[in-house]
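Me: I'm new to this structure and would love a close look at a single part of it. Could you pick one spot, and then walk me outward from there?

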Amino acid sequence: MTAVAEPSVSDLTAALAERLRATVGTERVLTDRTQTRTYECDGLANFKVTPAIVVLAESRQHVVDTVRLCSQARVPFVARGSGTGLSGGALPSSDGVLLVLSRLRSLGAVDADNRQVTVEPGVINLWVTRDAAPYDLAYAPDPSSQLVCSIGGNVAENAGGAHCLKYGFTVNHVLGAEVVLPDGEVVHLGGRAPEHPGYDLLGAFIGSEGTLGVATELTLRLIRVPEAVQTMLVGYRSVEDAAGTVSDIIGAGIVPAAVEMMDALAIEAAEAAVNCGYPAGAVAVLVIELDGPQVEVEAQFRQVEEIAQRRNAFEVRIAADDAERALMWKGRKSAFAAVGRISPSYYVQDGVIPRTKLPEVLAEMKRMADAKGLRVANVFHAGDGNLHPLVLFDDAVEGQAHEAEELAGAILELCITSGGSITGEHGVGQEKRMKMAKQFTPEDLDTMQLLRCAFDPDGIANPGKVFPTPRLCGERPGVRKGEHPVQAAGLGEVF
Amino acid sequence: MTAATEIRRAGGADDAVGGVVPQEVVRPATVDQVSEVLRAAAADGRTVVPVGGRSKLTWAAPPDSADLLLDLTGLDRIVEHVAGDLTVVAEAGVRLPDLQARLGEAGQLLGLDPPEDGATLGGVVSANASGPRRLRYGTTRDLLIGITVVLADGTVAHAGGKVVKNVAGYDLGKVFTGAHGTLGAVASTTWRLHPVPPARRVVTLELPDVAAAGPLSIALARSTLTPSAVELIGRADGAARLVVLFESIAESVDAQAGAAVALLGGGEESDDVPEGFGRRPGGVDDVLLRLAYAPAALASVVGALPAGTALAAHAATGVSYAALPADAAVEALPRLRAALAPHDGTAVLLRAPDDVRDRLDHWGPAGDSLDLMRRVKERFDPERQMSPGRFVGGL
Ligand SMILES: Cc1cc2nc3c(=O)[nH]c(=O)nc-3n(C[C@H](O)[C@H](O)[C@H](O)COP(=O)(O)OP(=O)(O)OC[C@H]3O[C@@H](n4cnc5c(N)ncnc54)[C@H](O)[C@@H]3O)c2cc1C
């Protein structure tokens, strides 16, 4: 037997790029670094990797071909939707393919009687609700990024939004998915019916962050637009009162459509950015929205107002119409970007705590920030305890970025020790994978990765994400070991 | 006597699962004991069938083998109910009615209402059982936020957590939901809860036939009314009754019931649901099926049922339970499956008289992801020790 020299990574990818060009078309395959650099990061810009190859898929067949060629060559691939992810989930592999899905953008006709619609993964979240509106239907998951993020990315992250408190998350609104598995096989998980015999692999796929395959089509559940919506903006002089209001609303048996909270720093930022006119001098504000049948909303809205008053609200503002409601939401939805107005740099964090721990966790977070001499602005989905602490820092100050990163990490650990989670909606991605070992035992993580091994035994779908250490899948039960990657890539002969 | 022997006894005819009598029944009381039992069984190469209240053992196919019956009713602790967070942690053997009673004291509920008597949480999860209120609250996949499972080799693993919103790691709870013990045993569950609605109002409409409910349930679903349940109860070839349940504050249920009567063009209002509401149709001599299909297909689905079928449909959701006369079932089931197919529909066997059961395909076709399911099974249970043969495709 003669040993063959291991081809370098660039030889492997060059050969793969050749094959890709021949299969999906030269114009859809980018390898020039000035072009591939465009895709070096997602919404979390502190991680950057330039992919070896970018494929701009325009059809399901392009996805199948690309994935199959990657599989044959054992080259990793990373799916990318709109690239707005905040955990580095779509961070490319330097020796792999970045598979861009944003050109798969067709929407099927709305099936009003079944309240569902089938769309391609590159479709923008808001387009679904736009198309459904003429039928008085809507797509419930509404991430703040809904103007730009893709349905495929939403499914991969199990995205949430302000109205998830009442309506649930992406996983509660996806009925079916067509998925290209990491070996190029196409399967249909779920469908148009509410149940199917077999394991709920659709449920497992949603939120798997691109590590189990690529979604090429999604069937979404639509909700009836409620008869009435009422929104109020409430100003408080203490965070405890705002948090207490949330507890009392829940305690009264009311399930609001949304309860969002912002603290003084976040309000200051939003004010500077979008001039939303929030109550002056507020230490915390709540945006509370109720929806449903008119009589129900009216009665419960009055009850919520009383609760807020009892909790020492100094201003309760009620939206008189859709324009006023939009303004109340504008401050909240622009909060992340707005923080740029009051700080040169910031980290957006995403952690969850049991709602009842809100006051103590916020107080502890403040102590931790003070100890480091840093500021933390808080914007969060208060109803379900999903915090978005924004850690402010200045790159220009030596060491501050590092301090901020440490603080952000410590906040996540605080979430875990409080009985919560390191992520409520942004995903683990690249950023938080080491923290997974703090939230889960090695047995938990190994068991989760059994799924990974079933879907992707070679570990080529978005490798290095979600888990702190990959699990070796071993031989595929019942399947002969595949050929050597070098051979598969057509680069070497085995003598 | 050690704890391990106290929890063991010989299996008898009463312990049979789908006609298969286990050699031994083990009833552990802790998660650690479950792990020990499974580890030992794996070492001895013995097959294991986990059970809870045994109210839905016929919902999956008979096992190829059942050396050990793993009775999980000893794991019966409600571990933690945090009313302020609307969450509860409860072990797999806790009976659903016991949990509801406990939650009720705090004005809360778990939004699952399958009617089977004696059901445990582990069984409800493993059989993915639901009832009329799935229209409002969804099913296990919408309510289960955390799970502890024990794999065939004794590994204890957790997924999810205690918070309602959480996307860290794969959601193993989903994969174990409806898996009928074929991937491992469910040991503990964590749920999101809802407040008990203070008032209820019911509208009951008598219909000349079941198909008439089709357009009505579509109209209800497309309206702004928010019923907790829309139930259709009747016979395939006879009269039927549509029951619309509203649960909310008094002002709301009164107004909505009135609006529903207007929308349906009739109906009687009352304060409570009629007798039989939420029950599965038919009796022990019938063949009970669960049908699932795109919801607007209700009228064509009921049109495909053989004469004499008793029906209880969660009309607005696309899930129905049909009790076919046993003598008609063998011939009718393949035809029914063919009629359901254009609506992405499926029919699963839930119960049949012994002599008929063996002539029916329990699960029907599983679609193009069956190979993937097989790979999942092979990873979780490579030696096929957990409830072998009970699941789709003989998994
Ligand atoms: C200002 C701002 C506000 C935000 N607000 C919210 C919010 O309120 N709620 C919330 O949940 N998130 C929010 N996000 C985060 C982000 O928008 C979501 O995670 C979104 O779902 C990502 O979609 P995307 O199309 O940009 O996906 P990308 O960033 O392109 O990809 C995200 C992940 O999905 C995978 N992926 C993409 N497409 C597919 C596919 N077709 N098949 C398989 N895997 C795929 C990628 O590999 C990656 O792991 C916000 C982000 C920003 C910048």
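Reply: Asp344(B) counts as partly exposed, because its relative accessibility is 21% and a residue has to be under 20% to be called buried. Keep in mind that you are looking at a predicted model. Asp344(B) sits in a chain B loop, the one between α11 (326-340) and β19 (346-351). Its backbone is worth a look too: Asp344(B) is not a glycine, yet its phi is positive, at about 55°. As background, most residues other than glycine have a negative phi.

Now let's move to another loop of chain B. Leu86(B) also has a positive phi of about 55° without being a glycine. You will find Leu86(B) between β5 (78-82) and β6 (87-91) of chain B. Is Leu86(B) buried or exposed? Leu86(B) is buried, because its relative accessible area is 11% and the limit for buried is under 20%.

Leu86(B) also leads us to a tryptophan. Trwo residues to keep in view here are Leu86(B) and Trp191(B), which touch each other. Counting only residues more than four places away in sequence, Trp191(B) also touches Thr87(B) and Val88(B), as well as Leu110(B), Leu112(B), Leu121(B), Val125(B), Thr140(B), Leu143(B), Leu144(B) and Ile145(B).

Trp191(B) has a part in something bigger. The largest nonpolar core holds 100 residues, and Trp191(B) is one of the four that touch the most other members, together with Tyr199(A), Leu110(B) and Val376(B). Helix α16 (residues 442-455) of chain A supplies the largest share of this core, with 6 residues. There is also a second, separate core of 46 residues, and its members include Leu207(B), Leu225(B), Leu298(B) and Leu311(B). In general, nonpolar side chains tend to be buried together in soluble globular proteins.

Let's step back to see chain B as a whole. Chain B contains 13 helices and 19 strands. Its C-alpha atoms fill a box of roughly 65 × 55 × 35 Å along the principal axes. How does the radius of gyration of chain B agree with that of a compact globule? A compact globule of 395 residues would have a value near 21 Å, and chain B has 21 Å, so the two agree. Of the 395 residues in chain B, 63% are buried. Among chain B contacts with a separation of 6 or more, 69% join residues 24 or more positions apart. The accessible surface of chain B is about 13400 Å², and carbon and sulfur atoms account for 50% of that surface.

How is chain B divided? The domain assignment gives domain 1 (3-73), domain 2 (74-195) and domain 3 (199-357). The C-alpha centres of domain 2 of chain B and domain 3 of chain B are 26 Å apart. Where these two meet, 12 residues of domain 2 of chain B are in contact with 19 residues of domain 3 of chain B. An unreviewed UniProt entry adds the annotation "domain: FAD-binding PCMH-type" for residues 18-196 of chain B. That span is 24% helix and 25% strand, with its end C-alpha atoms 37 Å apart.

Chain A carries an annotation as well. For residues 47-225 of chain A, UniProt lists "domain: FAD-binding PCMH-type", again in an unreviewed entry. Here the span is 21% helix and 22% strand, and 40 Å lie between its end C-alpha atoms. The domain assignment of chain A gives domain 1 (12-100), domain 2 (116-224), domain 3 (228-342) and domain 4 (433-478). Between the C-alpha centres of domain 2 of chain A and domain 4 of chain A there are 23 Å. Each side gives 9 residues to the contact between them.

To finish, here are two loop residues of chain A. Leu147(A) lies in the loop between β6 (137-138) and α5 (151-157) of chain A. Leu147(A) counts as exposed, because its relative accessible area is 65% and the limit for exposed is over 50%. Apart from neighbours within four places in sequence, Leu147(A) is in contact with Ile124(A) and Leu126(A). The C-alpha atoms of Leu147(A) and Ile124(A) are 6.8 Å apart, although 23 residues separate them along the chain.

Asp350(A) belongs to the loop between β15 (345-348) and β16 (351-352) of chain A. Asp350(A) is buried, with a relative accessible area of 0%. Leaving out residues up to four places away in sequence, Asp350(A) touches a list of residues that includes Asn386(A), His388(A), Leu412(A), Glu425(A), His426(A) and Lys432(A). By contrast, the C-alpha atom of Ala323(A), 27 residues away along the chain, is 29 Å from that of Asp350(A).

Methods:
Residues numbered from 1 in each chain as written. Chains lettered and ligands numbered in written order. Predicted model: local features only at pLDDT ≥ 70, side-chain atom pairs only at ≥ 80, totals over all residues. Heavy atoms only, no water. Core = buried A, V, L, I, M, F, W, Y, C linked by side-chain atoms within 4.5 Å. Buried < 20%, exposed > 50% of the residue type's maximum accessible area, 1.4 Å probe, protein only. Helix = DSSP H or I, 4+ residues; strand = E, 2+ residues; numbered from the N terminus. Contact = heavy atoms within 4.5 Å. UniProt positions renumbered as here; feature names shortened; annotations may be inferred. Rg over C-alpha atoms; globule rule 2.2 N^0.38 Å. Areas by Shrake-Rupley, 256 points an atom, 1.4 Å probe, with all protein chains shown as cover. Domains from an automatic or database assignment.
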